[in-house]
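Trainee: I'm new to this one. Could you take me through a close look at a single part, the place where two helices from separate chains cross?

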Amino acid sequence: MDKLFRLSRTEQLVVQFILIAWAIVVLFPIGVAVINSFKPNLGEVYRGPLNLPSEWSFGNYVEAWVGANFGKYFLNSVIISGCTVVIVTLCASTTAFVLVRMPFRGSAIIFGCFMLGVIIPIRLALAPLFVTVNTLGLLDTLTGVILVQSASMMPVAVFIMTAFLRSVPSELEDAARMDGALPFSIYWRVVLPLIRPAIATVALLTFVQSWNEYFLPLIFLQSPENYPITLGIAEFRSQFAVQWHLMFAGILIMLIPTIIAFVLASRQFIEGLTQGGVKE
Amino acid sequence: MSTISIKGLNKSYGKVQVLHDINLEIGDNAFVVFVGPSGCGKSTLLRTIAGLEERTSGSIHLDGRDISDDAPVDRDVAMVFQSYALYPQMTVRENIGFALRMAKVDKAEIDRKVVEAAKLLKLDKLLDRKPKDLSGGQRQRVAIGRAILRSPKVFLFDEPLSNLDAELRVDMRLQIAALRRALSATFVYVTHDQVEAMTLADTIVVLKDGFIEQIGAPMDLYHRPANRFVAGFIGSPRMNFLPATAQGKTAVLADGGTLPLAHDVADGSELALGLRPEHLRPAEGGAIAVTITEIENLGPVSYAHCALGDGTLLTAQLPPDHGLKLGQQIKLGAELTHLHVFDAKGTRVGGGAAHG
Amino acid sequence: MTYKQKARIQRLALLLPGVALYGIFNFMPLLGLLGLSLVRWPGIGPSEYVGLGNFMQLLGEPYYRDQFFNALFQNVYFFVIIIGAMLILGTGLALLLSFRTWGRNTYRAIFFIPYPLAGAAVAFLLNMMVETRGPINTLLVKGLGVMDAPIGFLGEPDLALSTLAVFYSWHRLSFAIILIMSAIIAVRVHLLEAAMLDGANRWQTLRAVVFPVLGPAFILITVIVMVDVFNNADYTLLLMGPEAGPLRNTDIMGTFLFRTSFGGSATSVNINFGMAAAIGLITALLILPAALYLSLKNLRKD
C-alpha cells in the first residue's frame with residue numbers, strides 16, 4: 001500500500017512544484033489584496049501593484065469603515081446573518097424532530113417537499129417570490145431578507161438535521177416520555193443537547209451562505225442603509241471603482257469573518273460539505 | 001392493586017404482525033418475566049404495556065382501568081431501560097427527580113423523595129455526579145431510582161442487565177430481587193437470559209415469533225414444558241432430543257434401543273424424546289448407545305458430549321469422578337420419571353413409564 | 001387536557017414555524033411559477049392571462065428567442081469550461097494530495113481558502129487582478145515582458161465569458177478537490193493491496209481500482225455545478241451588469257432571468273414577471289432530470 005502512495009525523490013519534487021504553483025494561484029489575489037490594502041495612496045498601487053507598501057497604514061480600513069459606510073454595511077450583515085442562523089437552526093431542528101420522532105400521516109409528503117427544495121434552487125421562483133414579499137410589505141426591510149434567506153437555507157438544514165437525528169437512538173426520548181415530558185420539554189431538554197454536532201454544522205453553513213449572499217439582498221433591498229456588506233461593496237465600487245487601495249481594504253473587511261469562521265471550524269466545514277452532498 | 005389484564009392484544013407494523021393474540025393476566029405484586037429469543041416480541045410487548053408503542057387491537061387494563069389508549073405518563077407505570085437512558089447533562093439528583101419536576105411537584109417534596117430513593121439504592125453519596133462519572137451498575141441504579149420516584153403500580157424492566165458484565169450481572173440480579181421485596185408493586189421484566197428468568201420470576205411467559213408459547217411458574221416450565229421449544233429454551237445445558245418411533249407402548253430409537261412410554265401413542269408416529277443432561281447417566285444396561293466426542297470438566301460437575309449412531313448429539317451429566325475418556329463407547333440410562341415425549345409437531349404428549 | 005391532546009398541539013407548534021417559513025417564502029413561490037408563467041404582468045398594475053403566450057413568445061419571437069438561446073448556449077459553454085477544469089484539475093490535485101506528499105495538509109488548507117469567500121468579494125477581487133492596469137497584466141507586460149500590451153480579460157467579447165469561468169473555478173475548485181479526495185480515501189485498502197500483489201504498478205492500480213470509484217463523486221460534482229451554473233449568475237451580474245456585456249457575450253440564464261424580471265439598463269419597458277416565471281420553469285425542467293437522478297441515487301443508498 002505504501003509503495004503505491006509513497007513518492008520517489010524526483011516525483012516528490014515534481015509534485016511539490018505543481019502544488020506550489022496552484023497554491024500561488026490561490027494565494028496570489030489575496031496576497032495582492034492584503035499588500036495593496038495597506039498602501040497609503042492610490043498612486044503606489046498603480047505604480048507597483050506587486051510591490052510591498054512603503055509604509056503599512058491602516059488608513060484605508062478606517063476610510064472604508066467610516067467614510068464609505070462599511071461599518072453600517074457590516075452591521076447589517078451581522079444582523080441578517082445572525083438572525084438567519086438562529087431562525088434556521090431553530091426551525092430546522094424542530095421540524096426534523098417532528099418529522100423523525102413524531103411522524104403522522106402526511107409527514108412523509110412534507111419531508112418530500114423539503115427535499116424538493118434541496119434540488120430546486122430558490123432563485124428560479126424569483127418572480128413569484130418577489131410578489132409574495134412585496135404583498136407582505138416586506139420589501140426593502142431587513143426582516144424580509146432574513147425571512148427569504150432563512151427559507152432558502154431550510155431544505156439543506158432540514159436534510160442534515162433529519163439525517164443526523166435518525167442516527168441517534170431514541171431511548172432517551174422514550175425515557176422522557178415515560179417521565180411525562182411533553183414534546184416541548186423533550187425537544188428542549190433531551191433532543192437539543194443530543195444534536196449539537198448537527199446544529200454546529202447547520203449554523204456554520206448557514207452563516208457562511210448568508211454572509212456571502214449577494215443575490216437575494218440585491219432583489220429585496222433598495223435603500224443603501226439596509227445593504228449588507230455584499231451589496232455595500234458593489235455600491236462602494238460604483239463610487240470608488242478606481243480607488244483600489246480602498247477597494248482592497250473593503251474586500252478584506254468582508255472576507256475576515258468567513259476566514260475566521262473557517263479557521264475555527266475547518267473540520268466542521270468540510271464535514272458539512274460532504275454530509276450535505278454525499279452519502280457514500 | 002396492580003393487576004394487569006391483557007386481552008386479545010395484536011400489534012402490527014404496517015403489514016408485519018409482531019404480536020399475535022396475546023392474552024395475559026398478571027396478579028397483584030407479581031414478578032413476571034417475558035423471555036424468549038431475539039425478535040420474539042418480548043420488548044415490543046413490554047413497550048406496548050408502557051405506552052411507548054400503540055397497540056393495533058385488543059386491550060390492556062391496569063387495576064381494572066382501561067389504559068389501552070393512555071399516554072405513558074397516564075398509565076401509572078415506570079420503565080427501566082437497557083442502556084439506562086440517563087439524561088447526560090443532568091446530575092443524578094436531577095435525573096431521579098425528573099418525572100416529578102415534569103409533574104410540577106413542590107421542590108422540597110422532590111428533594112425528600114430523591115434522598116429517600118437514593119438511600120434505598122445506596123446512591124446517596126453520588127447525588128451530585130453526572131452519569132458519565134458513574135459505573136455501569138451505578139447508572140443502572142440511578143435508572144431504577146428514577147422509576148421508583150414515580151411511585152408506579154408497575155415497574156417495567158427492558159433487559160436491564162444485558163449491558164453489564166457477568167459478575168456485575170449476578171450482583172444486580174440479587175439487588176433487584178431485594179428491591180422487589182422492599183417495594184410493593186408489580187414487576188414486569190424482559191430478558192433473553194433464562195437464568196435471570198428462572199431465578200427472579202414468580203411467573204414466566206415464554207414468547208416466540210410474537211406468540212405466547214407457555215405461561216407458568218419456573219419449575220412448572222422446567223418439569224412440564226408444553227412444547228419442544230419451551231423444553232429446549234428453559235434449563236441449561238439444553239434438554240436433549242432423541243428421535244424415535246412409536247410402537248405400542250414403546251419408543252424405538254434409531255439404533256434399535258427402546259424406552260418404555262407411559263401411555264399409547266399411535267403406532268409408527270414420529271416422536272422426539274426429551275431428556276435433560278442431568279437425567280442421563282452412564283449405565284451398564286442403558287438403552288442409549290453413544291460415542292463420547294467431548295468431555296467438559298467444570299469442577300462440581302462434568303458433561304459428556306456424545307453422538308448417537310445416527311449422528312444426533314447429546315449431552316449427559318457425569319459425576320466428577322467419572323473416569324471416562326474421549327472416543328469411548330458407553331451406554332446411557334434414562335431417568336424415566338423425567339422423560340418427555342414430543343410429537344412430530346413439537347407438542348408434549350406425555351412422559352415415559354412411571355411418569356404422569 | 002390529556003397528555004396526548006397536549007402532545008398533539010405541541011407537535012403542531014413545533015412543526016409550524018419551519019413549514020410556514022419554508023412554505024411561504026420558498027415552496028409556494030416555486031409552485032407559483034406554474035401560475036405566474038401563464039400571465040403577462042409588468043409587476044405593478046393589472047396582469048393579463050395569456051395562457052401559453054409567454055412560452056410562445058419566448059421561443060417564437062426573435063427578440064426573446066435570440067436572447068434565450070444565446071444565453072442557453074453560452075451557459076452551456078460556461079458550464080463545460082468549469083466542469084472540465086473542476087474534474088481534470090480537481091482529480092489531478094486530489095490525487096497529488098492523497099499521496100504521501102510533503103505538507104499535504106497545509107496545501108489542502110490553502111486550497112480551501114477561496115471556498116468560503118463571498119462571491120461578491122471574489123468577483124471584485126479577481127476583477128481587479130485582471131484589469132488592464134492590474135497585477136496580472138503588469139506581470140505579463142512589465143514583469144516578464146511576455147506581452148506588449150495588456151489583455152482586456154473582461155473587456156474582450158471573446159474572452160469575457162471564459163474569464164468568468166476561470167473566476168468560478170478559482171472560487172469553487174476546492175469543493176471538487178475535497179469530494180474527489182474523500183472518494184479516493186474511501187477506496188478500500190485491501191483492494192489496493194490486492195492490486196499491488198497482482199503486480200500492478202501505480203498507474204495501473206489507479207486506473208483499475210481508484211478511477212472507477214470516482215464515478216459517483218464526478219456525478220455529484222457535475223450535478224451540483226450544473227444546478228448552480230444554470231441558476232446563479234452572481235459574477236456576471238456583479239461585474240458585467242444585467243445587460244451581460246460586452247454585447248451580451250456573458251449572458252447566461254441567470255442574467256437573462258434577472259433582466260426579464262427587473263430589466264436591464266435600457267430595457268425596463270419590457271419587464272414581464274410572467275415571462276420570468278416561464279424562463280424559470282423552463283430552466284427547472286432542463287436541469288430537473290439530472291438533479292432528480294442524483295437525489296434518488298443518494299436516497300436509495302440509505
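**A helix crossing**

Mentor: Let's start with handedness: α7(A) and α1(C) cross in a right-handed way (right-handed if the near helix is turned clockwise from the far one by less than a right angle, left-handed if anticlockwise). Helices here are DSSP runs of H or I with at least four residues, numbered from the N terminus. This is a predicted model, where local features need pLDDT of at least 70, side-chain atom pairs count only at pLDDT 80 or more, and totals for chains, interfaces and linings use all residues. Residues are numbered from 1 along each chain as its sequence is written, while chains are lettered from A and ligands numbered from 1 in the order in which they are written.

Now the geometry. Helix α7 of chain A covers residues 126–135 and helix α1 of chain C covers residues 3–36; their axes come within 7 Å and cross at roughly 120°. Axes are lines fitted to C-alpha atoms, for helices over the stretch in contact, and angles run from 0 to 180 degrees between N-to-C directions. That angle makes α7(A) oblique to α1(C), because oblique is what remains once under 35 degrees is roughly parallel, over 145 roughly antiparallel and 65 to 115 roughly perpendicular.

Who meets whom? From α7(A) come A:A127, A:P128, A:L129 and A:T132, and they meet C:I24, C:F25, C:P29, C:G32, C:L33 and C:L36 of α1(C) (contact is C-beta atoms, placed from the backbone, within 7 Å). By class, this contact has 8 nonpolar residues, 2 polar and no charged; Ala, Val, Leu, Ile, Met, Phe, Trp, Tyr, Cys and Pro count as nonpolar, Asp, Glu, Lys and Arg as charged, and the others, Gly among them, as polar.

Methods
Helices (H or I, at least four residues) and strands (E, at least two) are DSSP runs, numbered from the N terminus. Two residues are in contact if their C-beta atoms, placed from the backbone, lie within 7 Å.
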